[in-house]
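Open the model in your viewer and keep the selection tool at hand. The tour goes stop by stop, with something to select at each one.

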Amino acid sequence: MALRGVALWTVVALLAAVAAASHPSCPATPPDSGATLQVSHAFGPCSPLGNDAAAAPSWTGFLADQASRDTSRLLYLDSLAVAGRAYAPIASGRQLLQTPTYVVRARLGTPPQQLLLAVDTSNDAAWIPCSGCAGCPTASPFNPAASTSYRAVPCGSPACAGAPNPSCSPNTKSCGFSLTYADSSLEAALSQDSLAVANNVVKGYTFGCLQKATGTAAPPQGLLGLGRGALSFLSQTKDMYEGTFSYCLPSFKSLNFSGTLRLGRKGQPLRIKTTPLLANPHRSSLYYVGMTGVRVGKKVVPIPPSALAFDPATGAGTVLDSGTMFTRLVAPAYAAVRDEVRHRIRGAPVSSLGGFDTCYNTTVKWPPVTFMFTGMQVTLPEENLVIHSTYGTTSCLAMAAAPDGVNTVLNVIASMQQQNHRVLFDVPNGRVGFAREQCTAA
């Protein structure tokens, strides 16, 4: 590969959480306040998730691994979008295969126990690994026995009826569920307890208390599902936060919790460009938006209308997702963007790396790319478009086509393209907004 001369890439420096926490470059974590939570990238240099989440053997390996994760994520999102899928209040096996890219801190129970929760805008799930869970790879599970406010959800409740493969314990009359996917199986108790985020407490928060996990799908931490479904965090807190939140996602190179998740209407930007939310009745949790085109430099690239069209029956369209790291476009749309980028960077040989097919081993000038939505345009600077090496001059376009060999119909605007923007999700008013905001710590 033409990258043999590149000594180090940025992510080679990613450290294990314990080592990073003691490193002088990692600042003290700022406190959560009000309804604002600090956000950390799971792969950042000060990641709180530990060795497996924070360390990468090489930049090439990191790119290949993340491209694989994103491919699995796309398959998961595509499966959610298909008509006829039933809503489940607990995370599906496909979702549990993913490692989250962003986490926030929370507290569960009375007295409160500290947790890390993955931020996921495409999921309604609420699950947390619990003490005694066989096969759950977490060092700090939630201990229900230590919480005076914990209670099991009884059999026959609406929440129990909606769980995947629900079961009823003959001894406790409490609701459980089981889930299988590939070589993995999960067992959990449907539960309720007090969840504290920042300075607010959500009483009677419904979640799955994981008791057993086998195979490769065992989740390392809990999930804060910010989708629009009936049992998502957003729906469970509608009286408190009015179905509104925003975030500013830091770069994976950012130190510690420099991004923020802001819950509720208070403190949201007043002047912000917005586009309407689109509703898919078959998968109400996904945040669909109307993407109308892509501009490279000043040229609107030729994308077939069918590649961007919203179709609830097939799940086709464009979604915003915090759990995918690099934007994926359906093949015709990606080819049009890639070809115009290459056309504007003439004279330099193109190479590939880790699933990305537009890389250059010399210094080049990258054109800006603008995502065009109904009523809104978002122009992305180079930091949202290009992955750079720390030493040397190699850089890659940080987008890719949807996975090969799969009827993937979704365009996914991923976290790297959202970084350093305040992204507003205003469900009651049916809109999503973007405003530039710097939240990556140096």
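Start by selecting residues 244-248, strand β11, together with β12; the two strands run antiparallel and are joined by four bridges. One pair to pick out is Tyr247 and its bridge partner in β12, Leu261. Bear in mind throughout that this is a predicted model.

Now keep β12 alone, residues 259-263. Is this strand mostly covered or mostly open? Five of its five residues are buried. Color the two faces separately: Gly259, Leu261 and Leu263 lie on one side, Thr260 and Arg262 on the other, and both sides are covered. In a regular strand, side chains alternate between the two faces of the sheet.

**The whole chain**

Zoom out to the full protein chain, which holds nine helices and 28 strands. Of its 442 residues, 57% are buried. The chain exposes about 17200 Å², and carbon and sulfur atoms supply 55% of that area. Among contacts between residues at least 6 apart in sequence, 72% join residues at least 24 apart.

**The nonpolar cores**

Next, select Leu195, Phe233, Phe245 and Phe371. These are the residues with the most contacts inside the largest nonpolar core, which has 66 residues. Helix α8, residues 331-344, gives the largest share of this core, five residues. Apart from it lies another core, of twelve residues, including Ala118, Ala163, Ala213 and Leu223. In soluble globular proteins, nonpolar side chains tend to be buried together.

Center on Phe233 and show what surrounds it. Which residues does Phe233 contact, leaving aside neighbours within four places in sequence? They are Leu195, Val197, Val202, Tyr205, Leu224, Gly225, Leu226, Tyr241 and Leu263. Leu263 was met earlier, on one side of β12.

**A sheet with β15 and β21**

Select β16, β15, β21 and β22, which form an open sheet in that order with antiparallel pairing. β16 (299-300) and β22 (376-380) stand at the edges with a single partner strand each, so one side of each has no neighbour in the sheet. Inside the sheet, β15 (residues 291-296) and β21 (residues 369-373) pair over five bridges in the antiparallel sense. Find Val294 and, in β21, its bridge partner Phe371. Phe371 is also one of the residues with the most contacts inside the largest core. Add α8 to the view: the helix lies across β15 and β16, running at about 15° to β15.

**A sheet with β20 and β24**

Keep α8 and select a further open sheet of four strands, in the order β19-β20-β24-β23, again with antiparallel pairing. At its edges are β19 (351-353) and β23 (386-388); each has a single partner strand, so one side of each is left without a neighbour in the sheet. On average, neighbouring strands here are turned by 40° against each other, direction ignored. β20 (residues 356-360) is joined to β24 (residues 395-397) by two bridges. Within this pair, Cys359 has Cys396 as its bridge partner. α8 packs on this sheet as well, touching β20 and β24, and its direction makes about 10° with that of β20.

**Last stop: Asn420**

Select Asn420, in the loop between α9 (415-418) and β27 (421-426). Is Asn420 buried or exposed? Its relative accessible area is 2%, under the 20% limit, so Asn420 counts as buried. A polar atom of its side chain lies 2.9 Å from the backbone nitrogen of Cys439. Not counting residues up to four places away in sequence, Asn420 touches Cys248, Leu249, Glu383, Arg436, Glu437, Gln438, Cys439 and Thr440.

Methods: Residues numbered from 1 in each chain as written. Predicted model: local features only at pLDDT ≥ 70, side-chain atom pairs only at ≥ 80, totals over all residues. Heavy atoms only, no water. Core = buried A, V, L, I, M, F, W, Y, C linked by side-chain atoms within 4.5 Å. Buried < 20%, exposed > 50% of the residue type's maximum accessible area, 1.4 Å probe, protein only. Contact = heavy atoms within 4.5 Å. Polar contact = N/O pair within 3.5 Å; in protein donor to acceptor, adjacent residues only side chain to side chain. Areas by Shrake-Rupley, 256 points an atom, 1.4 Å probe, with all protein chains shown as cover. Pairing = 2+ DSSP bridges. Axes fitted to C-alpha atoms, helices over the stretch in contact; angles between N-to-C directions.
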